[in-house]
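Colleague: I'd like to go through this model with you and hear how each label was earned. Can you take the helix packing to begin with?

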Amino acid sequence: MLNDRFVTGAPIWVDMCAPDLDSVSGFYRELFGWELLQGAAEVGGYSQYQLSGRTAAGAMAISGDEAAPAWTLYFRTPDVDATAKAVEQAGGGTLFEAVDILDLGRMAGLSDAAGVPFAVWQQGRLKGLDVLNEPGGLVWTELYTPDVSAATAFYGSVFGWQTTEAPFPGGSYTMVHPADGTADDMFGGIVPLASDPSEEAAYWLPYFQVDDCDATVARARQSGGTVRMDPLSMEGVGRFAKLADPAGAKFAVLQPSPPGEGQ
């Protein structure tokens, strides 16, 4: 599971972009209780969603022609520039070059061999998210990709990720953890894009933890969001649903099973 040790290759940050942050921020306040902390000019207005004064995610206003509203996952690296080179050598691309963010850290925007965007973060003063594995915090990630084997090879080459196969109805589920971690550090799954008929393009999907999946989905509907997949229960995992905010950024919510259930 996600943790704040932030070993190399583990998720360390997540943020979203939308043309109207005020509008989507009301939506996330209703769902997760997040409050928007407006960013200063020295960081280009980059803002943070906070829960009781702790950072749960980042947020950035964009113009309509810059990019489509979306959530982006960041993975920890000790050397952004070396990771960018490794991405290029593995068949990926660069969305924006490595840049220092004051003394907070260094980052780059990249894409994998299937064209899926992600980012990397080299820690400075900003170590990572404060809210993880609790209501309102990032709890899981999934990559929807046309070729699971190619994706595991790409990320294995770049970050050294290791995989474990778990039984799944109709097949198996590929889970990943950092090279410096163990099976207890599983943070995501790699899923065939074909398993989600509603999707045409590959993408990373962040999951945020909630106390009540069904109530959260109801609030999402009432607040202008889109329910992309109704709540579904899975033994030993919990109850989850796929959503999109009013701007169209995709994410999911998970109400984990009580400890020990399904074991």
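Modeller: Sure. Helix α2 (residues 80-89) and helix α3 (residues 148-159) have axes that come within 9 Å and cross at roughly 150°. Axes here are lines fitted to C-alpha atoms, for helices over the stretch in contact, and angles run from 0 to 180 degrees between N-to-C directions.

Colleague: What makes α2 roughly antiparallel or roughly parallel to α3?

Modeller: The crossing is at roughly 150°, and the cut-offs are under 35 degrees for roughly parallel, over 145 for roughly antiparallel, 65 to 115 for roughly perpendicular, and oblique for the rest. So α2 is roughly antiparallel to α3. Their crossing is right-handed, that is, the near helix is turned clockwise from the far one by less than a right angle.

Colleague: Which residues make that contact?

Modeller: T83, A86 and V87 on α2, and F154, V158 and F159 on α3; contact means heavy atoms within 4.5 Å. By class that gives five nonpolar, one polar and no charged residues. Ala, Val, Leu, Ile, Met, Phe, Trp, Tyr, Cys and Pro count as nonpolar, Asp, Glu, Lys and Arg as charged, and the others, Gly among them, as polar.

Colleague: And where do the numbers come from?

Modeller: This is a predicted model, where local features need pLDDT of at least 70 and side-chain atom pairs count only at pLDDT 80 or more, while totals for chains, interfaces and linings use all residues. Residues are numbered from 1 along each chain as its sequence is written, and side-chain values use heavy atoms, with hydrogens and water left out.

Colleague: How many helices and strands are there?

Modeller: Four helices and 16 strands, taken as DSSP runs: H or I of at least four residues for helices, E of at least two for strands, numbered from the N terminus.

Colleague: How do you know whether the radius of gyration agrees with a compact globule?

Modeller: The rule is 2.2 Å times the number of residues to the power 0.38, over C-alpha atoms. For 263 residues a compact globule would be near 18 Å, and the protein has 17 Å, so it agrees.

Colleague: Why is S52 called buried or exposed?

Modeller: Buried means under 20% relative accessible area, exposed over 50%, partly exposed in between (1.4 Å probe, protein chains only). S52 has 74%, so it counts as exposed. It sits in the loop between β3 (47-51) and β4 (54-61), with a positive phi of about 55° although it is not a glycine.

Colleague: And what is the accessibility of L102?

Modeller: L102 has 48%, so it is partly exposed. Its phi is also positive, about 50°.
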